[in-house]
Amino acid sequence: MLNDLHSHGLWEASAPPAPSTLPLDGATEADVAIVGGGYTGLSCALHLAESGKSVVLLEAHEFGFGGAGRNVGLINAGLWLMPDDVSAVIGRAQGERLLEVLGDGPALVMSMIDSHGIDCELRRNGTLHCAVDARGLEELKQREAQWKKRGAPVRLLDARETADRVGTNAYVGALLDQRAGTLQPLAYARGLARAARAKGARLHTSSPVISAERHGSHWDVRTQAGRVDAEWLVVATDAYGTGPWRSTQEAQTRLPYFNLATAPLDRTSLGTILPGKEGVWDTRTILSSFRLDREGRLVFGSVGALRNGGAGIHKAWARRALARLFPQLAKVDFEHEWFGQIGMTEDAVPRLHAFGPNALGVFGFNGRGISPGTVFGRELALLILGEKGQDDLPLPMSGLKPPSLRGLKEIYYEGGAQVAHLVGDRL
Ligand SMILES: Cc1cc2nc3c(=O)[nH]c(=O)nc-3n(C[C@H](O)[C@H](O)[C@H](O)COP(=O)(O)OP(=O)(O)OC[C@H]3O[C@@H](n4cnc5c(N)ncnc54)[C@H](O)[C@@H]3O)c2cc1C
């Protein structure tokens with residue numbers, strides 16, 4: 001991607017090629033103009049095109065340039081927030097609706113992958129949220145109870161079953177979420193693009209939107225070399241918004257997160273490390289995550305940016321941490337490295353914002369955007385198709401106010417992760 005091996009790492013190296021696209025050139029018309037070629041924009045484009053709407057999607061760089069091509073690939077259900085806390089933030093009715101659609105989010109992702117034949121290393125084996133201590137286990141017990149109350153197929157595993165499934169004794173228990181799974185994130189984004197194009201959506205890459213103005217009942221959306229006249233505008237730029245959509249980036253605090261991928265593990269290691277191929281993350285504040293790819297590489301990640309002094313600190317920490325978790329990997333080299341920015345909102349709930357009449361955006365997925373981005377792309381499409389009203393959407397409308405002390409928090413997250421990984425001897 002843009003010839004930068006540190007932006008999309010393994011995913012760029014192993015994804016099927018992107019569908020070939022051209023920048024927008026000249027003037028065109030559409031029912032809907034969509035800005036951003038990640039999961040939200042591409043899911044919206046695909047759902048609209050399937051229902052016969054004419055769609056033009058404009059992506060500044062390439063599909064998956066933002067979080068969609070850089071993430072861990074955990075297809076999670078729900079939000080970071082405890083289920084019961086969601087109602088406290090946005091109210092009971094909308095909160096329960098949000099939990100329902102996001103609880104079903106992985107199923108939507110998997111069914112779209114199936115129905116469009118997307119080759120993206122999908123595994124439906126669930127995820128394991130692993131407790132590192134008694135406090136973490138207590139949190140997982142509460143999560144289990146709150147999800148079970150809502151009928152979700154989650155199960156708390158004891159230390160022994162966790163050790164069997166993960167291949168280490170490092171954890172005191174884990175919450176298995178059978179709704180969840182893993183995928184190759186960039187391959188999923190490219191597959192959505194291919195599917196949307198096959199249904200008639202017109203997709204343009206290398207086409208940063210530089211302005212969008214309301215003229216009469218339409219939006220005039222401009223790039224350097226082209227313009228789209230559209231009845232509706234969808235903004236799907238999340239933490240990577242630029243130009244007029246920098247506001248979506250600034251309405252969030254960005255948390256850097258890196259990933260390192262080993263060479264394919266040998267057969268013996270693969271027999272003990274995640275033999276069931278679940279995705280894993282833990283209960284630490286500065287969390288770690290890991291999962292296997294199709295070739296048996298371990299993708300290991302944590303908070304931090306691989307730049308300036310951070311690159312050396314985080315990689316050295318990752319080697320130590322991996323060796324403590326899996327001593328048999330003490331000598332394994334990392335073959336790929338990359339990082340990205342996770343957009344966090346102050347209350348950990350995504351944002352639905354109206355940029356004007358018939359102009360909507362959803363962003364702020366707090367590190368959970370694979371299913372929520374796909375779900376909200378569909379929700380916006382249903383609204384535009386008239387199949388849902390604004391009041392049926394499972395999120396309240398919100399403003400674009402930047403989080404308090406945003407800049408300081410970003411410095412603190414990046415620097416704090418370096419300090420923690422430099423001095424933290426515990427994993
Ligand atoms: C390192 C990392 C790890 C993560 N791990 C996970 C995980 O395991 N599971 C999970 O569910 N989520 C995870 N996430 C979060 C997830 O990747 C995001 O929430 C998701 O990508 C959001 O999708 P999106 O389509 O809304 O935005 P993005 O994927 O960020 O796409 C936005 C797009 O908009 C484009 N754009 C911006 N401005 C303009 C403009 N002016 N004109 C045209 N195009 C524009 C950008 O180039 C970009 O391609 C992670 C994120 C990161 C960074």
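A residue counts as exposed when its relative accessible area is over 50%, and as buried when that area is under 20%. In this predicted model, Leu408 comes out at 57% relative accessibility, so Leu408 counts as exposed. Leu408 sits in helix H13, which covers residues 406-423. Together with Leu405 and Ile411, Leu408 makes a nonpolar patch of about 350 Å² on the surface.

Now for the sheet. Eight strands come together in an open sheet, and going across it the order is S5-S6-S4-S13-S14-S15-S12-S16, with mixed pairing. At the edges are S5 (154-157) and S16 (334-344), each of which pairs on one side only. On average, and ignoring direction, neighbouring strands in this sheet are turned by 20° against each other. As a bit of background, strands of a sheet pair through backbone hydrogen bonds, either parallel or antiparallel.

Strand S13 (residues 279-282) is a handy place to see both kinds of pairing. With strand S4 (residues 127-131), S13 runs parallel, and four bridges join the two. Here Thr127 stands opposite Gly279 of S13. With strand S14 (residues 288-292), S13 runs antiparallel, and two bridges do the joining. In this pair, Trp281 faces Ser289 of S14 as its opposite number. A hairpin of five residues links S13 to S14.

What about the directions in which the residues of S13 point? Gly279 and Trp281 point one way, while Val280 and Asp282 point the other way. That fits a general pattern: in a regular strand the side chains alternate between the two faces of the sheet. Whichever way they point, all of these S13 residues are buried.

Finally, the cysteines. How many disulfides does the structure hold? The count is zero. Take Cys44, which is in no disulfide: the nearest cysteine sulfur belongs to Cys120 and is 20 Å away. A disulfide needs the two sulfur atoms within 2.5 Å. Looked at from the other side, the closest cysteine sulfur to that of Cys120 is in Cys44, and because the gap is 20 Å, it is too far for a bond. Are these cysteines buried or exposed? Cys44 has a relative accessible area of 0%, so Cys44 is buried. Cys120 has a relative accessible area of 2%, and therefore Cys120 is buried as well.

Note on methods: Residues are numbered from 1 along each chain as its sequence is written. This is a predicted model: local features need pLDDT of at least 70, side-chain atom pairs count only at pLDDT 80 or more; totals for chains, interfaces and linings use all residues. Side-chain values use heavy atoms; hydrogens and water are left out. Patches are made of residues with over 30% relative accessible area and no salt bridge: like charges are joined within 9 Å, nonpolar side chains (Val, Leu, Ile, Met, Phe, Trp, Tyr) within 5 Å. Accessible areas come from the Shrake-Rupley method with a 1.4 Å probe; for residues, only the protein chains shown count as cover. A salt bridge is a side-chain nitrogen of Lys or Arg within 4 Å of a carboxyl oxygen of Asp or Glu. Buried means under 20% relative accessible area, exposed over 50%, partly exposed in between (1.4 Å probe, protein chains only). Two strands pair if DSSP finds at least two bridges between them. Axes are lines fitted to C-alpha atoms, for helices over the stretch in contact, and angles run from 0 to 180 degrees between N-to-C directions.
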